[in-house]
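Subject: Structure handover

Hi,

Here is the structure I promised to pass on. Please open it alongside this note; my findings follow below.

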Amino acid sequence: HCGNPLTMTEPARPIIQIQNVSKRFGKVTAVDNVSLDINAGEFFVLLGPSGCGKTTLLRMIAGFELPTEGRILIDGQDMAGIPPNKRPVNMVFQSYAVFPHMSVADNVAYGLKIAGVKGGEVKDRVAEALELVKLGGFETRMPDQMSGGQRQRVALARSLVMRPKVLLLDEPLSALDAKLRAQMQFELSELQEKVGITFVTVTHDQDEALSMACRIGVINKGEVAQLATPSDLYEYPANRFVADFVGSVNIFEGKLTLDEPDKAAVDCPGLGKVYLNHGVTGPHGADVWVALRPEKIYLHVPGEGKAVKAAAQDAPDGYNFARGKIKGMSYLGDITLFEIELETGARIRVSRPNLSRHDQEDFTWDDKVSMHWRADSPVVLLG
């Protein structure tokens with residue numbers, strides 16, 4: 001649903017243009033000079049911690065808040081002075097806001113009746129919307145006879161039935177339990193692909209954002225910290241905040257001691273010398289951070305590390321090595337998380353997949369272990 005750049009013939013067309021938008025509440029700046037385009041037909045996610053300004057930005061697109069500065073265009077039209085009910089958008093709230101005294105069909109039909117759509121068309125469009133959200137046959141059901149996930153689908157159908165150009169979703173899955181939330185992530189992506197309209201979702205849940213989005217705007221203190229696809233955000237974070245906020249990561253301070261087009265090195269007091277197989281474009285001796293994801297680190301059973309190191313000496317893209325002692329283990333079924341105290345005294349987190357039923361038996365507390373990671377795995381973040 002995000003479009004394959006190799007097969008797309010038309011350039012992306014922005015449906016929403018946010019231009020130098022700020023929002024202040026008294027002395028508090030909730031949104032600070034944000035500019036970004038959201039393309040027609042994409043699933044766009046605003047991701048960030050509580051209080052970062054993402055919901056305020058969504059509410060300004062909807063028209064429930066007005067920008068202090070800047071402007072918002074939807075489908076080329078400036079939204080200044082246009083009330084929420086006249087904008088080509090619909091919003092699904094965190095609480096779903098389903099009318100408890102109305103049947104499912106009446107809930108979904110409500111907006112159409114307010115808009116003056118005639119009876120026969122109302123019935124057809126309600127049936128179509130309920131089929132889209134997999135609630136065909138639930139027309140007479142009352143909200144209190146439904147699960148949280150089903151009520152959320154009713155709220156979605158009620159918005160989709162109005163055929164908006166943009167659907168805005170404010171933390172749409174936060175009220176669901178973990179298993180249902182994971183299921184609904186797939187269903188929302190599938191639904192967005194099916195209806196083809198632009199979805200703009202706000203969430204603080206990084207897994208939710210990574211699993212659903214075409215692109216993600218990470219918001220920090222009212223500003224856009226990075227705008228990227230999920231994989232680029234995870235693999236190439238632009239700064240320390242993004243690296244730390246999106247996924248689990250080890251971050252070590254260091255100094256850049258070598259920087260050439262095809263290789264670089266960072267001296268990290270906690271991790272030792274870290275080699276990279278690409279340049280960093282930072283000044284020699286610059287203070288930097290090295291970010292290393294736990295799953296990029298290979299953990300070796302005691303005694304295995306020497307053989308691995310010997311075999312990898314001539315690896316074309318190079319390897320980095322470290323030794324330490326296991327100080328913590330968390331078995332999570334598909335993976336085991338390790339906390340390892342390095343010889344420097346620093347701690348590093350490593351995740352290891354449990355590919356067989358007995359993998360977790362290879363290690364125990366206080367084992368001395370070796371680790372290696374490829375020279376293309378660390379990311380250097382400039383200060």
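Start at Lys255. Setting aside neighbours within four places in sequence, Lys255 is in contact with Ala265, Val266, Asp267, Gly285, Ala286, Asp287 and Val288. Take Asp287 from that list. In sequence, Lys255 and Asp287 are 32 residues apart. In space, their C-alpha atoms are 4.8 Å apart. Is Lys255 buried or exposed? Neither: Lys255 is partly exposed, because its relative accessible area is 42%, and partly exposed covers what lies between under 20% and over 50%. Bear in mind that this is a predicted model.

Lys255 belongs to strand E11, residues 250-260. That brings in the sheet around E11.

**The five-stranded sheet**

The sheet is open, with strand order E13-E12-E11-E14-E20. Its pairing is antiparallel. Which strands sit at the edges? They are E13 (272-276) and E20 (379-382), and each pairs on one side only. On average, neighbouring strands are turned by 40° against each other, direction ignored. E14 (residues 287-292) pairs with E20 in the antiparallel sense, over four bridges. To find that pairing on screen, pick Ala291: its bridge partner in E20 is Val379.

**The six-stranded sheet**

Another open sheet has six strands, in the order E6-E7-E8-E3-E9-E10. Here the pairing is mixed. Strands E6 (89-92) and E10 (223-228) form the edges, each pairing on one side only. Neighbouring strands in this sheet are turned by 20° against each other on average, again ignoring direction.

E3 (residues 43-47) and E9 (residues 215-220) run in the parallel sense, paired over four bridges. One pair to look at: Phe44 has Arg215 in E9 as its bridge partner.

Two helices pack on this sheet. Helix H1 (residues 54-62) touches E3, E6, E7 (166-170), E8 (198-203) and E9. The direction of H1 makes about 150° with that of E7. Helix H5 (residues 178-195) touches E3, E7 and E8. The direction of H5 makes about 155° with that of E8.

**Helix H2 and its cover**

H2 spans residues 104-114. Which of its residues are buried? Val104, Ala105, Asn107, Val108, Ala109, Gly111 and Leu112. What covers them includes helix H3 (119-132) and helix H4 (148-160). Just after H2, Gly116 takes a positive phi of about 85°.

Now the packing of H2 on H3. Two packed helices are described by the angle between their axes and the distance between the axes. The axes of H2 and H3 come within 9 Å and cross at roughly 125°. H2 is therefore oblique to H3, since the angle falls outside the roughly perpendicular range of 65 to 115 and is not over 145. The crossing of H2 and H3 is right-handed.

Which residues meet there? From H2 come Val104, Ala105, Val108, Ala109, Leu112 and Lys113. From H3 come Val122, Arg125, Val126, Ala129 and Leu130. By class, this contact has nine nonpolar residues, no polar ones and two charged ones. Several of the H2 residues in this contact, among them Val104 and Leu112, are also on the buried list.

Over to you.

Best wishes

Definitions and conventions
Residues are numbered from 1 along each chain as its sequence is written. This is a predicted model: local features need pLDDT of at least 70, side-chain atom pairs count only at pLDDT 80 or more; totals for chains, interfaces and linings use all residues. Side-chain values use heavy atoms; hydrogens and water are left out. Buried means under 20% relative accessible area, exposed over 50%, partly exposed in between (1.4 Å probe, protein chains only). Contact means heavy atoms within 4.5 Å. Axes are lines fitted to C-alpha atoms, for helices over the stretch in contact, and angles run from 0 to 180 degrees between N-to-C directions. Angles under 35 degrees count as roughly parallel, over 145 as roughly antiparallel, 65 to 115 as roughly perpendicular and the rest as oblique. A crossing is left-handed if the near helix is turned anticlockwise from the far one by less than a right angle, and right-handed if clockwise. Ala, Val, Leu, Ile, Met, Phe, Trp, Tyr, Cys and Pro count as nonpolar, Asp, Glu, Lys and Arg as charged, and the others, Gly among them, as polar. Two strands pair if DSSP finds at least two bridges between them.
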